[in-house]
Amino acid sequence: MKTLAAATETMLASRELRIARMMWIGLRNGTEMAFTDHDANLFADWGTGADEYLADIGVLPSNIELSIGMEPDNMEFSGPISELVTRAQILGGVFNGARVRVFDIDWADQPDPNIIALLGGRVYDARVREDQFVFEIRANTARYNQVYGRVLSP
């Protein structure tokens, strides 16, 4: 269960929805990237160190698939190959294993928007599909579904 700020609850209950999806990526080399599906750059501080979320890259988030039990929640982000996300980086594995935070904000409530945390996890698979990148993101619970070895008994 999520606890939301009163202003966020009021906004969600109204007919005027002003939601923008945000994604922060922290690469293993310390580089941070921040994207939004909004039509203009947005500002938000969710303790990630990234304040400006770029809109001009053109990312498209999928729906978040919620799971029951220990299966990880997951989603995909896709967008065009550009100078920010290059084919060489993706094929070189730069994004695989990167930390990810996904959240929604009320874009009209700038510069200090209410934040709805949706998913925290890692880029499980980064791939190229035609001229687009696709990041498959899995929640942190995916770590519990890895096989590290087998135990055999008589």
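**Entry 1: the term needed first.** I take a residue as buried when its relative accessible area is under 20%, and as exposed when that area is over 50%. The model I am reading is a predicted one. I looked up Phe135 first and found a relative accessibility of 0%, so Phe135 counts as buried.

**Entry 2: the whole chain.** I then turned to the overall layout. The protein chain contains two helices and nine strands. Read from the N terminus, their order is α-β-β-β-β-β-β-α-β-β-β. I noted that the chain has 154 residues, of which 36% count as buried. The chain exposes about 9,400 Å², and carbon and sulfur atoms supply 50% of that area. I also looked up contacts between residues at least 6 apart in sequence; 54% of these join residues at least 24 apart.

**Entry 3: aromatic pairs.** I searched the whole structure for aromatic pairs and recorded three. One of them joins Phe95 and Phe135, with 4.8 Å from centre to centre and 35 degrees between the planes, and it is tilted. What does this pair tie together? Phe95 lies in the loop between helix H2 (87–91) and strand S7 (99–106), whereas Phe135 lies in strand S9 (residues 132–139), so the pair ties together parts that are 40 residues apart in sequence. I checked Phe95 for burial as well: its relative accessibility is 0%, so Phe95 counts as buried.

Phe135 also pairs with Phe133; their ring centres are 4.7 Å apart and their planes stand at 35 degrees, so this pair is tilted. Phe133 and Phe135 are both buried. I therefore entered Phe95, Phe133 and Phe135 as a cluster linked by ring pairs, because each pair is defined by ring centres within 6.5 Å.

**Entry 4: arginines over rings.** I next looked for charges over ring faces. Arg101 lies over the face of Trp24, at 5.7 Å from the ring centre. Arg138 lies over the face of Tyr124, at 3.5 Å from the ring centre.

**Entry 5: Glu136.** Arg138 led me to Glu136, as the side chains of these two residues make a polar contact of 3.0 Å. I located Glu136 in strand S9. Is Glu136 buried or exposed? Its relative accessible area is 16%, which is under the 20% limit, so Glu136 is buried. Leaving aside residues up to four places away in sequence, I listed what Glu136 touches: Met75, Glu76, Arg122, Val123, Tyr124, Asp125 and Arg127. Tyr124, in that list, is the residue whose ring face lies under Arg138.

Definitions and conventions: Residues numbered from 1 in each chain as written. Predicted model: local features only at pLDDT ≥ 70, side-chain atom pairs only at ≥ 80, totals over all residues. Heavy atoms only, no water. Helix = DSSP H or I, 4+ residues; strand = E, 2+ residues; numbered from the N terminus. Buried < 20%, exposed > 50% of the residue type's maximum accessible area, 1.4 Å probe, protein only. Contact = heavy atoms within 4.5 Å. Areas by Shrake-Rupley, 256 points an atom, 1.4 Å probe, with all protein chains shown as cover. Phe/Tyr/Trp six-rings, centres within 6.5 Å; stacked < 30°, edge-to-face > 60°. Lys NZ or Arg CZ within 6 Å of the ring centre and 35° of its normal. Polar contact = N/O pair within 3.5 Å; in protein donor to acceptor, adjacent residues only side chain to side chain.
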